[in-house]
Structure formats: C-alpha cells, structure tokens
Amino acid sequence: MQIRTLGSTGPAVSALGLGAMGMSGAYGAADRAESIATVHAALEAGVTLIDTGDFYGMGHNESLLAEALRGRDRDSYRLSVKFGMLRGPGPVFGGHDCRPEAVRNFLAYSLTRLGTDHIDVYRPARLDPAVPVEETVGAIKEMIDAGYVRHLGLSEVDAATIRRAHAVHPVADLQIEYSLISRAVEADVLPTLRELGIGMTAYGVLGRGLISGHWSAGHTAGPGDGRATGPRFAGGNVEHNLALVEALRRVAEAKGRTVAQSAIAWVAAQGEDIVPLVGARTRERLAEALPAAELSLTADDLAEIEKAVPPGAARGDRYPAAFMSGLGVGN
Ligand SMILES: NC(=O)c1ccc[n+]([C@@H]2O[C@H](COP(=O)([O-])OP(=O)(O)OC[C@H]3O[C@@H](n4cnc5c(N)ncnc54)[C@H](OP(=O)(O)O)[C@@H]3O)[C@@H](O)[C@H]2O)c1
C-alpha cells in the first residue's frame, strides 16, 4: 500500500482510507461481524486511515471500531473523527452544535467510546451557522495543545472558511465529496487547499455506490438506506446516471479493471495530496477497492474515463435539497 501525507502538517497515511459510516446503518442494516472482519482485512492490507463520526449510528460506529481495533498498536492506524451533527432517536436530524463547550463534550465521549487517549484528525462534520469557525477550531486547537487531538481537519466547507480556519491553526485535511460525478471542488476549494498546503480526504468516490458498477435501476434501497432519498438515485435521474456508469464500464473492462476500481483510481490520480476514502462494509467490496490504490492511470486512461463521464454529466443534486445549503460546494 502506497503512502500519502495529509497536507504539509498532517499524518502519513495509506493511499486509500476506509470510511466506516456504512457499517452503522447509513445504507441500511450492516452485519457487525462482517464489518469488523472488513476493518481487520483493511488493516492487514496496509490501510492505516479509518474515518468515522460520533453520530454514525449515534456512537455505534465508534464502539464498533473500538472492538475491531482492540489490542492493536495504537500507532499503527490513524483515526479521523467528525462531530457536531445533532440527531434524535430515529431518522431525525437536529442541526449542528460546534460551540467550544460542545467540542470538548463530543470529544470526551468519542475518546471513551473509541477507548483511546487521542484522536488523530478531529473535525466538525459541518459548519454550525451560529458559531464562527474560529471558535470551533480554536477549541480543537486547545485540545491539540492538551494532547487529546493530533491534527485539525475540516469537512464540507468552502474556500473562504478554509482560510479562516487555517489562520487559527494549520489544517491537515479537508474531507469533501469528490468523484467523477461530483467535481465542484475543482473550481475554488482544491486550488485553495494546494495554496495552503492542506490535504484532501475525498469521500463518495463511488457516489455512495451509484457509480460502483453494482447499482441498478431496479435496486431498491432497503429500510434505513439513506440512498432512498438521494436525488441522484431517484427515478428519472438514476437511469441517466447509470447510462454514464455503463459507458465507464466499457472503458474500465477494456483495461481489465472494474467500474469501482476505475472510479477510485480516477480520484487518486487527481493529486498525491488526495486520499480517497472507500465506504466498503464487506470484505468482498473492500477486496475490489484495494487494487485501485496501486493503479496508475495514464493521461489517455484519464481522458477516456472523463469522456465516458464528463464533468457535470450526472443528473440530480448530491444531497437532498434540505442539506445542500450546509455543504461547502455544490455538485
Ligand atoms: N464528511 C462528510 O460529510 C462525509 C459524508 C459521507 C461520507 N463520509 C465518509 O466517507 C466514507 C465513504 O463514503 P460513502 O460510503 O458515502 O461513499 P462511497 O465510498 O462512494 O460508497 C460506498 C458504498 O458503495 C458501495 N460499493 C460498491 N462497490 C464497492 C467497492 N468495491 N468498494 C466500496 N464500496 C462499494 C457499497 O454499498 P453496498 O455495501 O450497498 O454495496 C458502499 O457502502 C464514509 O464511510 C464516511 O466515513 C464523509
């Protein structure tokens, strides 16, 4: 597994990271034993970056990771944790809380659930519109100074917010959606990250499965699968989007690759400063994703892939309307 460094101040991590969100219900029921086996398989393959959020299954994801990581050398992997998103019992979103006292409170819970004395990269999942970002990241800086957190991260913020946060404390990486069908980061955000020496952990590189090659128009999202409300998965859009996937399949298979491997490798090829997160929740999906880290796509490969899925070709927003305003960039 190749190594990439998260920005000029962040940790060295594997060229692919594992996102654990799908192991705690975001995409419907997940099998706990299989989730843990997937984490173990990732670590054994050299994956050293694991991403979670305290609100993924409301603590379920952190507890699961604690179980999966128990007994491992704490220096052999890096934990990226998001906080600040409020939920209620059931599928209820209650906004965000990124006040300094909330930062400390969320962090204390995360450290306990994860069974660790520090988090490697700690980040607000979204901006709290009621709290200046300087106050939120100022509280994280205090926790860095106290040794509970190693690095500051951000998630889904725009270029101006990146600059404001970075002025308070160096930002290791921004986590943001970036894929063949979500390229809005290329306009302002990616150049800003590069100017400031900040890395990117790219999520949704498979469009939550839509551009993995395993989704079909007849596929029905099971109970609790958030993709059921995703505009790109909605009838009328999904057929158009899957036609793009079929074009990508032709390009991928001609080179002996799968659709998912091509989509992941395309993101990885956009720069050494980008680490794609893959949301595998089974060993089978992980085994397909991992070789993408070793693929080196030529300029011709990249051009063929982008001809199959041109910028802006996908139909539908990347989030339901109610969540779009909380994002750093559009589609
Ligand atoms: N910062 C943020 O706002 C934010 C938002 C969302 C996610 N994230 C992070 O990013 C991670 C990845 O995001 P994501 O899960 O939404 O996106 P993704 O990696 O684009 O999609 C993952 C889904 O694609 C399907 N899939 C099909 N083939 C696959 C393969 N070979 N390898 C992996 N998955 C495959 C799987 O669904 P099936 O199992 O149903 O096949 C899987 O759950 C999350 O786990 C989370 O840690 C961050």
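Me: Two rings of Phe, Tyr or Trp form a pair if their centres lie within 6.5 Å of each other. With that in mind, which residues do ring pairs link into a cluster?

Reply: In this predicted model, Phe83, Phe106 and Tyr122 are linked into a cluster by ring pairs. By the same rule, the count of aromatic pairs comes to six.

Me: Why is the aromatic pair of Phe83 and Phe106 called tilted?

Reply: The ring centres of Phe83 and Phe106 are 6.0 Å apart, which is within the limit of 6.5 Å, and the planes make an angle of 40°. Planes under 30 degrees apart would count as stacked and planes over 60 as edge-to-face, so the rest, this pair included, is tilted. The pair links distant parts of the chain, with Phe83 in strand E5 and Phe106 in helix H3 (residues 100-114), 23 residues apart. Phe83 and Phe106 are both buried.

Me: What makes the pair of Phe93 and Phe323 edge-to-face?

Reply: The planes of Phe93 and Phe323 stand at 80° with the ring centres 5.2 Å apart; an angle over 60 degrees is the condition for edge-to-face, so the pair carries that name. Phe93 belongs to strand E7 (residues 92-96) and Phe323 to helix H11 (residues 321-324), so that distant parts of the chain, 230 residues apart, are linked by the pair.

Me: How do you know whether Phe93 is buried, exposed or partly exposed?

Reply: Its relative accessible area is 43%, and since buried means under 20% and exposed over 50%, Phe93 falls in between and is partly exposed. Phe323, at 34% relative accessibility, counts as partly exposed as well.

Me: What makes Arg87 a charge over the face of Phe93?

Reply: Arg87 lies 4.7 Å from the ring centre of Phe93, where the rule asks for CZ of Arg within 6 Å of the centre and within 35 degrees of the ring normal. The charged end of Arg208 likewise sits over the ring of Tyr319, 4.7 Å from its centre. Arg208 is also linked with Glu156, Glu177 and Arg318 in a network of salt bridges.

Me: Why is the contact of Arg72 and Glu44 called a salt bridge?

Reply: The side chains meet at 3.6 Å, N to O, and a salt bridge requires a side-chain nitrogen of Lys or Arg within 4 Å of a carboxyl oxygen of Asp or Glu, so the contact qualifies. Arg72 lies in the loop between helix H2 (60-69) and strand E5 (78-83), and Glu44 in helix H1 (residues 32-44), so the bridge ties together parts that are 28 residues apart in sequence. Glu44 counts as exposed because its relative accessibility of 60% is over 50%, whereas Arg72, at 30%, is partly exposed.

Me: How do you know that Asp301 forms a salt bridge with Lys255, and is Asp301 buried or exposed?

Reply: The closest N and O atoms of Asp301 and Lys255 are 2.8 Å apart, which lies within the 4 Å limit. Asp301 is in helix H10 (residues 299-308) and Lys255 in the loop between helix H7 (238-254) and helix H8 (259-268), so the pair ties together parts that are 46 residues apart in sequence. Asp301 has a relative accessible area of 6%, under 20%, and is therefore buried, while Lys255, at 38%, is partly exposed.

Me: How many salt bridges does this rule give?

Reply: The count comes to 25 salt bridges. Among them is the bridge of Glu134 and Arg164, whose closest N and O atoms are 2.8 Å apart.

How values were computed. Residues are numbered from 1 along each chain as its sequence is written. This is a predicted model: local features need pLDDT of at least 70, side-chain atom pairs count only at pLDDT 80 or more; totals for chains, interfaces and linings use all residues. Side-chain values use heavy atoms; hydrogens and water are left out. Helices (H or I, at least four residues) and strands (E, at least two) are DSSP runs, numbered from the N terminus. Buried means under 20% relative accessible area, exposed over 50%, partly exposed in between (1.4 Å probe, protein chains only).
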